[in-house]
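This report describes side-chain contacts and solvent exposure in one protein structure. The sequence and coordinates are shown below.

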Amino acid sequence: MKIDRIDHLNITVADIDRSVEFYQRVLGMKTERIGEGRAALLFGQQKIHLDLAGATAMGGEKRMPAHICFITDTPIDQVKAQLDASGVAIRMQGPRAGATGTIQSLYIDDPDQNSIEIATY
């Protein structure tokens, strides 16, 4: 597979409202609420998810130290085959909300337990 770009990343913040206000006022980013304890900052063709410190991730899992989503043009079944051949466990998969629409995603963990999402539009 060949990674093309970053689609989105997640950062953990102490106060969602304070962070939203800062990114809107200082950097001119658009914002949207995406659930309890979460918001998104939109700019260009990317976004940053803001996750409230101490909150849980999708499915009630503990939040990973960091999360980043990479976009590839490689078909998702080929990405899965390459990960399988590399001995990398896929933690989760399925459609998700990307920065500019719905993406098909595979989630893996790097050696430091950071959440890596590999996706295609």
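Is Tyr-23 buried or exposed? In this predicted model, Tyr-23 has a relative accessible area of 18% and is buried, because the limit for that class is under 20%.

**Aromatic contact and nonpolar surface**

One aromatic pair is found when the whole structure is searched. Its members are Phe-22 and Tyr-23, arranged edge-to-face with 5.2 Å from centre to centre and 90° between the planes. The edge-to-face label applies because the planes are over 60 degrees apart. Whereas Tyr-23 is buried, Phe-22 is partly exposed, its relative accessible area being 37%.

Phe-22 also takes part in a nonpolar surface patch, together with Val-26 and Leu-27. The patch covers about 260 Å². Leu-27 belongs to helix H1, which spans residues 16-27.

**Salt bridges**

The search of the whole structure gives six salt bridges. Among them are the three listed here, each with its N to O distance.

| Salt bridge | Closest N and O atoms |
|---|---|
| Asp-4 and Arg-5 | 2.9 Å |
| Arg-33 and Asp-17 | 2.6 Å |
| Glu-21 and Arg-25 | 2.5 Å |

The salt bridge of Arg-33 with Asp-17 has its closest N and O atoms 2.6 Å apart. Arg-33 lies in strand S2 (residues 30-33) and Asp-17 in helix H1, so this pair ties together parts that are 16 residues apart in sequence. With a relative accessible area of 51%, Arg-33 is exposed; the class applies because the value is over 50%.

A salt bridge within helix H1 is formed by the side chains of Glu-21 and Arg-25. These two residues are four positions apart in the helix, so about one helical turn separates them. Glu-21 is partly exposed at 37% relative accessible area, while Arg-25 is exposed at 56% relative accessibility.

Asp-4 and Arg-5 form a further salt bridge, with 2.9 Å between the closest N and O atoms. Asp-4 is partly exposed, at 43% relative accessibility. Arg-5 likewise counts as partly exposed, with a relative accessible area of 26%.

**Summary**

Helix H1 contains Asp-17, which pairs with Arg-33 of strand S2, and also the pair of Glu-21 and Arg-25. Leu-27, another residue of helix H1, contributes to the nonpolar patch with Phe-22 and Val-26. Phe-22 in turn forms the edge-to-face pair with Tyr-23.

Conventions. Residues are numbered from 1 along each chain as its sequence is written. This is a predicted model: local features need pLDDT of at least 70, side-chain atom pairs count only at pLDDT 80 or more; totals for chains, interfaces and linings use all residues. Side-chain values use heavy atoms; hydrogens and water are left out. Rings of Phe, Tyr and Trp (its six-membered ring) pair if their centres lie within 6.5 Å; planes under 30 degrees apart count as stacked, over 60 as edge-to-face and the rest as tilted. Buried means under 20% relative accessible area, exposed over 50%, partly exposed in between (1.4 Å probe, protein chains only). Patches are made of residues with over 30% relative accessible area and no salt bridge: like charges are joined within 9 Å, nonpolar side chains (Val, Leu, Ile, Met, Phe, Trp, Tyr) within 5 Å. Accessible areas come from the Shrake-Rupley method with a 1.4 Å probe; for residues, only the protein chains shown count as cover. A salt bridge is a side-chain nitrogen of Lys or Arg within 4 Å of a carboxyl oxygen of Asp or Glu.
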